[in-house]
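Subject: Structure handover

Hi,

Here is the structure I promised to pass on to you. Have a look at it first, and then read on for what turned up.

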Amino acid sequence: MVTEESAPEPGFDAKSFLAGLTRHPGVYRMLDEDGVVLYVGKAKNLRNRVSSYFRRNLPSPRIRSMVAQIRDVQVTVTTTEAEALLLENNLIKQHRPRYNVLLRDDKSYPYIHLSQHTYPRLTFHRGARKKPGRYFGPYPSTPAVRDTLNLLQKLFLIRPCKDSFFENRSRPCLQYQIKRCTAPCVGLIDPLVYDRDVKHAVDFLEGRSDQVMRDLVAEMETASARLEFERAAQLRDQITRLRQISERQYVSGEGGDVDIIAAALEGGQVCVQVFSIRGGLNLGNRALFPSLPEETSGEALMTAFLGQYYLSREVPPQIIVSHAPEEPELLEEMLAMQRGHKVTLAWNVRAERARWLEMAQRNAQMSLATRLAGRAGMRERLEALREALELEEVPTRMECFDISHSQGEATVASCVVFNPEGPLKSDYRRFNIRDITPGDDYAAMHQALHRRYTRLKEGEARLPDILFIDGGKGQVRQALEVLEELQVEGVMVVGIAKGEDRRPGLETLILSDERGPSILPPSSKALHLIQQVRDEAHRFAITGHRQQRAKARNTSPLEQIPGMGPKRRQQLLKHFGGLRGVSSARVEELAKVPGISRKLAQQIFDSLHDD
């Protein structure tokens with residue numbers, strides 16, 4: 001049971017608040033003067049834990065800085081400490097406080113789905129598991145699922161096609177020709193034989209590859225005894241491939257479901273590698289980079305990571321970690337609540353599992369080293385940009401706009417954001433441009449900039465130090481007009497005009513101050529950064545434009561005509577053999593279709609010939 005306890009009024013008085021604070025377990029939230037959550041913590045005894053923040057001589061500068069900002073403390077009382085730990089992680093995910101360890105990984109993990117069908121289909125799946133059938137996973141990454149599906153097709157020839165494709169075949173498709181399917185769609189395999197292949201695929205996914213090989217060997221010997229030598233040779237090759245694959249699955253002898261989690265910390269940064277073992281098979285690994293407050297130990301990191309990581313994921317029965325978490329028994333209790341069964345945390349492991357933990361640690365260290373090297377390169381390019389643009393300080397936030405359309409159709413503007421760590425994708429925005437003359441890039445840029453910076457003025461996010469515009473003087477002029485209209489100051493506008501033949505390295509920078517155009521040498525690190533930002537804006541705009549264009553083209557123009565319901569549209573298209581026939585028809589011909597009046601026929605004609 002969770003109950004809310006009243007919090008003090010603004011104008012925080014620690015002494016009076018602590019005097020009335022309960023000693024029950026629960027969760028506390030520390031807020032600043034704007035009501036923003038600074039920190040979320042859990043406690044076995046709320047009064048003892050919260051009061052520790054308000055003692056003299058706090059040892060940590062980070063804690064002293066946080067306490068100086070506190071204007072309110074809110075608490076939630078829970079029945080048990082494990083319940084408090086679970087609530088703590090949910091609140092961290094919800095509020096994302098700056099003084100907590102934050103796992104920035106909200107993506108759902110992919111699965112392999114085996115459909116419920118006479119001839120089941122094996123396919124990639126991500127999202128809610130609502131379709132009937134069986135699910136295998138979760139896999140750490142999309143490539144891991146693709147590789148496994150490719151492997152299963154080679155080994156067991158299970159169909160990958162959609163049911164709509166399967167049900168409308170009159171002859172085998174290419175998958176049959178390249179020996180990736182047995183063509184059940186046209187009856188080239190008996191349902192019982194297909195069921196056997198599906199069973200083998202399921203056994204393999206659940207880690208019973210030895211059983212699959214025994215079954216295949218027995219079947220090969222039977223085929224050989226019946227003098228079916230071609231079938232026996234096929235089974236022999238299948239067994240060979242399966243044995244080679246099983247040998248590469250280093251933990252196949254371990255069995256069971258295990259996650260191996262290793263962390264590497266250096267220079268205030270951290271990388272956590274997660275290896276997933278399901279049914280004794282290695283499903284692959286994934287690197288994650290949580291946001292880490294200063295002075296965070298490996299033990300505290302592991303505790304926070306485990307709590308947040310398994311909030312929305314399946315918890316395996318055993319988790320092997322590189323750092324012993326704080327209060328491991330409590331964490332095991334919380335994870336068991338999530339799973340519904342016992343969960344064991346281990347860190348002093350031996351033999352095969354020690355080798356896997358060592359490999360996970362090595363991967364974490366390599367991923368972190370690569371990330372740190374990339375950030376060092378980013379710092380060098382930012383410094384070069386500061387010098388090239390003669391800025392007083394290194395820019396900490398840059399935005400770039402681009403426009404994409406096809407002859408005025410489905411115009412989309414993109415806004416991408418970069419900070420000292422690189423692309424800040426959570427702040428990317430797209431704008432579907434409306435009510436302008438098709439193809440008017442200036443008007444499109446003006447509208448996108450106005451919408452973006454109106455929102456920023458209203459407090460959606462902070463303003464950039466540099467605003468890059470993919471375009472020349474005209475686009476830059478639009479940006480300056482918008483910033484002046486909205487009374488936005490302190491933002492430097494830089495246009496990126498394409499060079500001769502649109503070749504990279506020949507771009508001209510249109511500066512918003514009095515210096516005029518500038519051309520940087522092709523070897524300039526500042527230019528390389530500008531090109532990266534511009535290309536990312538271009539990519540993001542094109543992706544949005546293509547999505548809008550595809551959506552528009554999947555909608556019939558007849559749907560926009562008042563009075564044209566589904567039955568009338570269907571009758572009209574059937575009468576004229578398609579939209580082209582309708583478009584070429586005269587008003588008199590349209591009016592002859594049952595259900596189409598003369599007035600509606602005129603509306604249809606006018607709508608299809610409004611250009």
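Let me start with a pocket, the second largest one, which has 34 lining residues; Tyr39, Arg49, Glu88, Ala300 and Glu326 are the ones nearest its centre. Please keep in mind that this is a predicted model. The volume of this second largest pocket comes to about 760 Å³. By class, its lining consists of 17 nonpolar, nine polar and eight charged residues.

Which elements build that lining? At least two residues each come from β3 (37-43), α3 (61-69), α4 (81-95), α11 and α12. Of these, β3 gives the largest share, with five residues.

Two of the helices from that list also pack against each other. Helix α11, residues 298-309, and helix α12, residues 328-339, meet at an angle of about 10°, and their axes are 10 Å apart. An angle under 35 degrees counts as roughly parallel, and α11 and α12 are therefore described that way. On the α11 side the contact involves Thr303, Leu306 and Gly307, while α12 brings in Leu331, Met334 and Leu335. Four of the residues in this contact are nonpolar and two are polar, with no charged ones.

Next comes α8, which I looked at together with two partners.

The first partner is α9. Helix α8 (residues 191-205) packs on helix α9 (residues 209-225) at an angle of about 150°, with 7 Å between the axes. Since the cut-off for roughly antiparallel is over 145 degrees, α8 is therefore roughly antiparallel to α9. The crossing of the two is left-handed. From α8, the contact takes in Arg196, Lys199, His200, Asp203 and Phe204, and from α9 it takes in Ser209, Val212, Asp215, Leu216 and Glu219. Here the classes are three nonpolar, two polar and five charged.

The other partner is α5. How do helix α5 (residues 142-156) and α8 pack? Their angle is about 140°, and their axes lie 10 Å apart. That angle is not over 145 degrees, the limit for roughly antiparallel, so α5 and α8 count as oblique to each other. This crossing is right-handed. Thr148, Leu151, Leu152 and Phe156 make the contact from α5, and Asp197, His200, Ala201, Phe204 and Leu205 make it from α8. Six of the contact residues are nonpolar, two are polar and one is charged.

If you would like to follow α8 by eye, His200 and Phe204 are good places to begin: both appear in the contact with α9, and both appear in the contact with α5.

Happy browsing, and do write back with any questions.

Best wishes

Key: Residues are numbered from 1 along each chain as its sequence is written. This is a predicted model: local features need pLDDT of at least 70, side-chain atom pairs count only at pLDDT 80 or more; totals for chains, interfaces and linings use all residues. Side-chain values use heavy atoms; hydrogens and water are left out. Axes are lines fitted to C-alpha atoms, for helices over the stretch in contact, and angles run from 0 to 180 degrees between N-to-C directions. Helices (H or I, at least four residues) and strands (E, at least two) are DSSP runs, numbered from the N terminus. Angles under 35 degrees count as roughly parallel, over 145 as roughly antiparallel, 65 to 115 as roughly perpendicular and the rest as oblique. Contact means heavy atoms within 4.5 Å. Ala, Val, Leu, Ile, Met, Phe, Trp, Tyr, Cys and Pro count as nonpolar, Asp, Glu, Lys and Arg as charged, and the others, Gly among them, as polar. On a 1 Å grid over the protein atoms alone, a cavity is a set of points where a 1.4 Å probe fits but cannot get out, and a pocket is an open set with protein on both sides within 12 Å along at least five of seven lines; lining residues have an atom within 4 Å of a point. Grid points are joined across faces, edges and corners, and a volume is the space filled by probe spheres set on the points. A crossing is left-handed if the near helix is turned anticlockwise from the far one by less than a right angle, and right-handed if clockwise.
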